[in-house]
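This report looks at one protein chain, its ligand surroundings and the packing of some of its helices. Please keep the sequence and the structure in view while reading.

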Amino acid sequence: MIQYPKLSMIIDGERISGEGRRTHAVLNPATGERLAELPLASAEDLDRALDVAASGFRLWRKSSPQERAAVLQGAARLMRERCEDIAQVAVLEQGKTLAEARIEVAMNIGLFEFYAGETFRIYGRTLVRPEGMRSTVQYEPVGPLAAFAPWNFPIGNPGRKLGAPIAAGCSVILKAAEETPASALAVLQCLLDAGLPPSVAQAVFGVPDEVSRHLLASPVIRKLSFTGSTAVGRHLGALAAAGLQRTTMELGGHGPVLVFEDADLDRALDTLVAQKYRNAGQVCVSPTRFIVEDGIFEAFCDGFAERAKALKVGDGLAPASQVGPLANARRVEAIDTLVKEALEAGARLETGGERLGNRGFFYAPTVLRDVPTAARVMNDEPFGPVALINRYANEEAMIAEGNRLPYGLAAYAWTQDSARQKRLAAQLEAGMLGINTAMIGGADAPFGGVKWSGHGHEDGPEGLMACLIAKAVHEG
Ligand code: NAD
């Protein structure tokens, strides 16, 4: 078993440890025990990181696609070699199962490899002009980014914040979540060991509001990339607006799942239960509101509850565990309150609805049915292991419920009717839609939301375009 590493920040390639700095205790969510102390950035640390990011951008914007691809390919190779260590560290600090953490490493490798290829495809355009004149559109890296990554995918979120900007020729100051710093540092270390100049990507930690205010107040930062809650996204968006920095916002969701009478019920249930309780439900694209057509409602509720009850909850490092703890004590409190409020409002509990064990942050896989629309859990993102199953009369009512909330990240539908599939694809307000599947992402596919779920994309060519700016050059 791996030892949890000593923590630091990485500024200009230098490991900055705690001496003289405030620190934050990182806990193992399976036990509640302290793993290590994380140093928090001072204002001087952040100023230094900004100066370095400015020089890193001057350097990296001139790099060739070959250089950028070599770094991303090399980092992917190192990640493959270090997969087991990185996955175990992620489990220790975040709680998910080892199997899930290994998949997260694999997805990050895929993303770096995709962007290693994509960096060669930053094309421009030549416009038609009279002889003797020439007009071109060229794409340039947007500039240094401030990138804030949350704790739910401790490997994948930092990987996303680094991969596309590096492929585009930007520099990045990454502030990953203070709950899960070691995974982020391991991802960055792969890039540095693969030859990324140290000024191009750095990692700081701190009091989130202090760090974001400091970085976004600097004219060095030209873009903000944030993944997290809608409330924090709004706050950061306002800070970025003052400096007219570009933004990519990957915010909350409340995944509607429309299940019609003609669905393949067993396949739907197997897929949806696995997807619901993946990462203990702490996934922005988690299926949350199960909007089920009248005729299969009872069978769906029974099948869902039976499968949820059978899930083995435990320490993510134990081979038998299928669901780990929640990431921190805040989440247990939040989920428990939402469930209790729903029950008081008249929802029916099929299974779960309670904390598990007397140490760590475990919560039972929970299924609620007949949940009143007014209950808070039907409106606020639960971000935990809670499924909400309600009955609807027909397609029109189901689509209306699917679009009821101001969120629009992922939506899902289960139906074998191809004409209906097309209507749903046209009418559901979401950035990503899975029809008869829960696989809604991939290195080559744009990942992002609409409405309060944010704007812009990560992954795919769209994620690279979001790190580029167009310049029109006209020659007479
Ligand atoms: P939170 O809203 O306090 O924080 C969410 C994330 O934003 C955390 O990673 C946090 O470190 C970061 N953050 C908070 N304030 C910040 C600031 N001023 N500047 C920069 N970063 C800041 O909530 P939390 O308790 O950590 O997480 C719970 C909620 O966050 C969930 O209910 C969910 O809606 C949302 N969340 C979403 C995602 C996602 O993938 N979209 C991931 C994690 C959390």
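What percentages of helix and strand does the chain have over residues 19-473, and how far apart are the end C-alpha atoms?

## Annotated domain and overall make-up

The model is a predicted one. Over residues 19-473 the chain is 40% helix and 21% strand, and the C-alpha atoms at the two ends of that stretch are 50 Å apart. The UniProt record, an unreviewed entry, annotates residues 19-473 as "domain: Aldehyde dehydrogenase".

## The shell around the ligand

There are 22 residues around the ligand, and those that come nearest are Pro150, Pro208, Ser212, Gly228 and Cys284. Two elements, α7 (208-216) and α8 (230-242), are the ones that give two or more residues to this shell, and the largest share, four residues, comes from α8. Sorted by class, the shell around the ligand consists of 11 nonpolar, seven polar and four charged residues.

Where does the ligand lie with respect to domain 1 and domain 2? Because residues of the shell are given both by domain 1 (9-251 + 453-475) and by domain 2 (255-442), the ligand lies between the two domains.

## Two helix pairs

Helix α5 (residues 156-168) and helix α6 (residues 181-193) have axes that come within 9 Å and cross at roughly 25°. With angles under 35 degrees counted as roughly parallel, that crossing angle makes α5 roughly parallel to α6, and α5 passes α6 in a right-handed crossing.

For helix α9 (residues 265-277) and helix α10 (residues 297-310), the axes come within 10 Å and cross at roughly 45°. The helices α9 and α10 are therefore oblique to each other, and their crossing is right-handed.

Note on methods:
Residues numbered from 1 in each chain as written. Predicted model: local features only at pLDDT ≥ 70, side-chain atom pairs only at ≥ 80, totals over all residues. UniProt positions renumbered as here; feature names shortened; annotations may be inferred. Near = placed C-beta within 6 Å. Nonpolar A, V, L, I, M, F, W, Y, C, P; charged D, E, K, R; others polar. Domains from an automatic or database assignment. Axes fitted to C-alpha atoms, helices over the stretch in contact; angles between N-to-C directions. Parallel < 35°, antiparallel > 145°, perpendicular 65-115°, else oblique. Left-handed = near helix turned anticlockwise from the far one by under 90°.
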